[in-house]
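Biologist: I've got a structure open and I'm not sure how to read it. Could you walk me through it, one feature at a time?

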Amino acid sequence: MLNAKKIIATGTLVVSLLASATPTFAATRNSDLKEAPTAIMTPQFVDWSTSASTIIARGGVIQKGDQGLSVRQVQIALNNYGHYGLSTDGIFGTATENAVRQFQFADPNIVQVDGIVGSESWNVLQNYL
């Protein structure tokens with residue numbers, strides 16, 4: 001009694017629903033799967049025009065999950081500051097977050113070690129661009 005298969009994408013999570021009176025899920029355990037499930041990624045907006053200085057001046061922060069020019073600037077500054085060897089891909093992931101924490105811990109001018117680039121961290125990092 002299947003009429004159609006619908007795929008609903010929310011962020012990076014994909015939920016597949018079978019359109020029927022009673023929902024049916026074919027594979028409920030990993031052992032039931034013959035191949036690994038594939039994820040469907042939806043394109044996200046990446047801001048390649050707003051600089052880190054602009055974001056910070058507007059009262060914003062740069063943190064895990066952010067993407068774009070501002071993150072790339074943070075990555076370049078972190079590499080120049082402490083030779084962290086970060087990829088300068090503009091994606092603020094775990095490696096960038098850890099490098100920010102290491103930088104914050106190492107610099108005596110930084111009070112809060114949280115892995116987030118706010119005004120306090122950016123005031124130091126911007127000198128390494």
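Modeller: Sure. Let's begin with what counts as an element: helices (H or I, at least four residues) and strands (E, at least two) are DSSP runs, numbered from the N terminus. With that in hand, look just past α2: H83 follows this helix, and its phi is positive, near 55 degrees. Keep in mind that this is a predicted model.

Biologist: How many helices and strands are there in the protein chain?

Modeller: Four helices and two strands. Starting at the N terminus, the order is β-β-α-α-α-α.

Biologist: And how much of the protein chain is buried?

Modeller: A residue is called buried when its relative accessible area is under 20%. By that rule, 26% of the 129 residues in the protein chain are buried. As for the outside, the chain exposes about 8700 Å², and 54% of that comes from carbon and sulfur atoms.

Biologist: What about contacts between residues far apart in sequence?

Modeller: Take the contacts in the protein chain with a separation of 6 or more: residues 24 or more positions apart account for 33% of them.

Biologist: Let's do a helix. What should the span of α2 be?

Modeller: The general idea is to count 1.5 Å a residue, using one less than the number of residues. For the 14 residues of α2 that gives 20 Å, and the end C-alpha atoms are 20 Å apart, so the two agree.

Biologist: Which residues of α2 are buried?

Modeller: They are S70, V71, Q73, V74, Q75, A77, L78 and N79. Their cover includes α1, α3 and α4.

Biologist: Q73 caught my eye. Is Q73 buried or exposed?

Modeller: Q73, which sits in helix α2, has a relative accessible area of 18%. The cut-off for buried is under 20%, so Q73 counts as buried. Leaving out residues up to four places away in sequence, Q73 touches S51, A52, W122 and L129.

Biologist: What does W122 touch, then?

Modeller: With that same kind of neighbour left out, W122 touches A52, S53, I56, Q73, V74, V117 and L129.

Biologist: People keep talking about a nonpolar core. What's the idea?

Modeller: In soluble globular proteins, nonpolar side chains tend to be buried together. Here, the largest nonpolar core has 18 residues, and those that touch the most other members are I62, V74, L78, V117, W122 and L125. Two or more residues come from each of α1, α2, α3 and α4. The biggest giver is α2, with four residues.

Biologist: Can we try α3 too? How far apart are its end C-alpha atoms?

Modeller: They are 18 Å apart, which agrees with the 18 Å that 13 residues should span at 1.5 Å a residue. The buried residues of α3 are T96, E97, A99, V100, F103 and Q104. These residues cover an arc of only 160 degrees around the axis, so they lie on the same side of α3. A95 and F105, on the other side, are exposed.

Biologist: What do the buried residues of α3 pack against?

Modeller: They pack against α2 and α4.

Biologist: Now for the rings. How many aromatic pairs does the structure hold?

Modeller: There are two. For reading a pair, what matters is the angle: planes over 60 degrees apart count as edge-to-face. Y81 and F103 are 4.8 Å centre to centre with 90 degrees between their planes, an edge-to-face pair. This pair joins distant parts of the chain, with Y81 in helix α2 and F103 in helix α3, 22 residues apart. F103 is buried, at a relative accessible area of 0%. In the other pair, Y81 and Y128 have ring centres 5.0 Å apart and planes at 85 degrees, so this one is edge-to-face as well. Y128 lies in the segment after α4, so the pair ties together parts 47 residues apart in sequence.

Biologist: Is Y128 buried, exposed or partly exposed?

Modeller: Partly exposed, because its relative accessibility is 33%. Residues up to four places away aside, Y128 touches I76, A77, N80 and Y81. The C-alpha atoms of Y128 and A77 are 4.8 Å apart, though the two residues are 51 apart in sequence.

Biologist: Which residues do the ring pairs link into a cluster?

Modeller: Y81, F103 and Y128.

Key
Residues numbered from 1 in each chain as written. Predicted model: local features only at pLDDT ≥ 70, side-chain atom pairs only at ≥ 80, totals over all residues. Heavy atoms only, no water. Buried < 20%, exposed > 50% of the residue type's maximum accessible area, 1.4 Å probe, protein only. Arc of directions from axis to C-beta. Contact = heavy atoms within 4.5 Å. Phe/Tyr/Trp six-rings, centres within 6.5 Å; stacked < 30°, edge-to-face > 60°. Core = buried A, V, L, I, M, F, W, Y, C linked by side-chain atoms within 4.5 Å. Areas by Shrake-Rupley, 256 points an atom, 1.4 Å probe, with all protein chains shown as cover.
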